[in-house]
Amino acid sequence: MKTSKTDGRRNAAPRLRAEADAYVWEAGAARLLAVRKVASLPLHLLKGIDSARETLMENTRRFADGLPANNALLWGARGMGKSSLVKALHTEVNRKRKDRLVLVEVHREEIASLPLLLRRLRGEKRRFLLFCDDLSFDKDDTSYKSLKAALEGGIEGRPANVLFYATSNRRHLMPRDMMENERSTAINPSEAVEEKISLSDRFGLWLGFHNCDQGEYLSMVESYAGHFGLELAREELHRKALAWAAGRGARSGRVAWQFTQDLAGELGKKLEP
């Protein structure tokens with residue numbers, strides 16, 4: 001049975017209108033929901049991650065310029081700016097760019113739909129950075145297979161206009177006790193977890209994020225306070241920031257930002273870019 005050109009056009013996925021620089025993928029409706037403004041911080045405010053920032057910036061710029069680039073896994077300590085870095089780089093790369101890079105957020109629960117999304121984007125002219133925050137897999141979760149196929153693209157290959165960034169607290173995207181359990185119960189322990197561990201090998205870039213020390217934490221606080229015009233004596237700022245961190249039992253970029261929001265409220269200031 002022959003298919004007319006008209007039928008082919010009717011069955012094809014509709015092209016995206018160049019209306020937004022960011023979208024959220026909604027797998028249930030098989031659609032991309034436009035995001036008018038990405039919630040991102042200026043890149044220079046992200047402290048204590050200089051090496052990761054420079055590496056990921058170069059990789060992102062190459063991709064935006066149409067050059068080869070690697071999928072990236074940002075892993076490590078909670079609250080150290082992994083997702084903030086991805087969003088800030090997207091904003092920075094687009095600052096003076098005519099052909100703008102498009103950021104697409106893919107929720108962890110939608111990973112199994114990645115092949116559908118890739119088919120949706122393959123025919124687009126723009127370049128797309130897919131982003132999944134807090135990615136990990138638990139026991140009996142088989143959706144990682146869809147991610148593996150998406151990262152390498154199966155027989156079609158990954159679309160040249162698509163790159164994938166993910167953040168995770170786990171280097172191998174699965175809990176250590178799960179890996180050890182499968183090794184101990186398998187007939188061939190070395191092969192039992194090879195398929196799941198190999199998932200992280202699909203990422204050309206592994207960027208580690210580690211807990212910050214007190215000096216780095218205070219540097220983050222000072223950077224936020226200076227940028228947003230929160231006027232407070234340096235000694236008092238440090239005292240309040242350290243007390244805030246002690247109350248949460250942690251020092252991180254997230255804790256520094258939460259303290260900044262509390263301080264701004266106390267001083268009656270709005271946090272405007």
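How many cavities of 30 Å³ or more does a search of the whole structure find? I ran that search on this predicted model and got 2.

**Entry 1: the chain overall**

I started with the basics. The protein chain has 273 residues, and 45% of them count as buried. I listed its secondary structure as 11 helices and 7 strands. Then I looked at contacts between residues at least 6 apart in sequence. Of these, 77% join residues at least 24 apart.

**Entry 2: the second largest cavity**

I went back to the cavities. The second largest has a volume of about 40 Å³. I noted its lining: Asn71, Leu114, Leu118, Leu130, Ala150, Leu151, Arg158, Val162 and Phe164. By type, that lining divides into 7 nonpolar residues, 1 polar and 1 charged. Which elements each supply at least two residues of it? I found helix 4 (114-122), helix 5 (144-152) and strand 6.

Val162, one of the lining residues, led me to Glu124. The two are 38 residues apart in sequence, yet their C-alpha atoms are 9.8 Å apart in space. I placed Glu124 in the loop between helix 4 and strand 5 (128-132). Is Glu124 buried or exposed? Its relative accessibility is 10%, so I logged Glu124 as buried.

**Entry 3: the largest pocket**

Next I turned to the open space. The largest pocket has a volume of about 1000 Å³. I counted 44 lining residues. Which of them lie nearest its centre? They are Ala39, Ser40, Leu41, Ser84 and Lys87.

I then sorted the lining by element. Two or more residues come from each of helix 3 (82-93), strand 6 (162-168), helix 9 (214-227) and helix 11 (253-267). Helix 3 gives the largest share, 8 residues. By type, I recorded 19 nonpolar, 12 polar and 13 charged residues in this lining.

**Entry 4: Thr167**

Strand 6 came up for both the pocket and the second largest cavity. I picked Thr167, which lies in this strand. Thr167 counts as buried because its relative accessibility is 1%. What does Thr167 contact, leaving aside neighbours within four places in sequence? I listed Leu74, Lys82, Ser83, Phe131, Cys132, Asp133, Asp134 and Leu135.

**Entry 5: cysteines**

Cys132 is among the contacts of Thr167, so I checked its exposure: Cys132 has 0% relative accessibility and counts as buried. Cys212 is also classed as buried, because its value is 7%. How many disulfides does a search of the whole structure find? I got 0.

**Entry 6: nonpolar cores**

Last, I looked at the cores. The largest nonpolar core has 48 residues. Which of them have the most contacts inside it? I noted Leu56, Leu85 and Tyr217. Helix 9 provides the largest share of this core, 6 residues.

I followed Leu56 further. Not counting residues up to four places away in sequence, Leu56 touches Ala72, Leu74, Leu85, Val86, Leu89, Tyr165 and Leu207. Leu74 is also on my contact list for Thr167.

Apart from the largest core, I found another, of 29 residues. Its members include Tyr23, Leu73, Val104 and Tyr144.

How values were computed
Residues are numbered from 1 along each chain as its sequence is written. This is a predicted model: local features need pLDDT of at least 70, side-chain atom pairs count only at pLDDT 80 or more; totals for chains, interfaces and linings use all residues. Side-chain values use heavy atoms; hydrogens and water are left out. On a 1 Å grid over the protein atoms alone, a cavity is a set of points where a 1.4 Å probe fits but cannot get out, and a pocket is an open set with protein on both sides within 12 Å along at least five of seven lines; lining residues have an atom within 4 Å of a point. Grid points are joined across faces, edges and corners, and a volume is the space filled by probe spheres set on the points. Helices (H or I, at least four residues) and strands (E, at least two) are DSSP runs, numbered from the N terminus. Ala, Val, Leu, Ile, Met, Phe, Trp, Tyr, Cys and Pro count as nonpolar, Asp, Glu, Lys and Arg as charged, and the others, Gly among them, as polar. A disulfide is a pair of cysteine sulfur atoms within 2.5 Å. Buried means under 20% relative accessible area, exposed over 50%, partly exposed in between (1.4 Å probe, protein chains only). Contact means heavy atoms within 4.5 Å. A nonpolar core is a set of buried Ala, Val, Leu, Ile, Met, Phe, Trp, Tyr and Cys residues joined through side-chain atoms within 4.5 Å.
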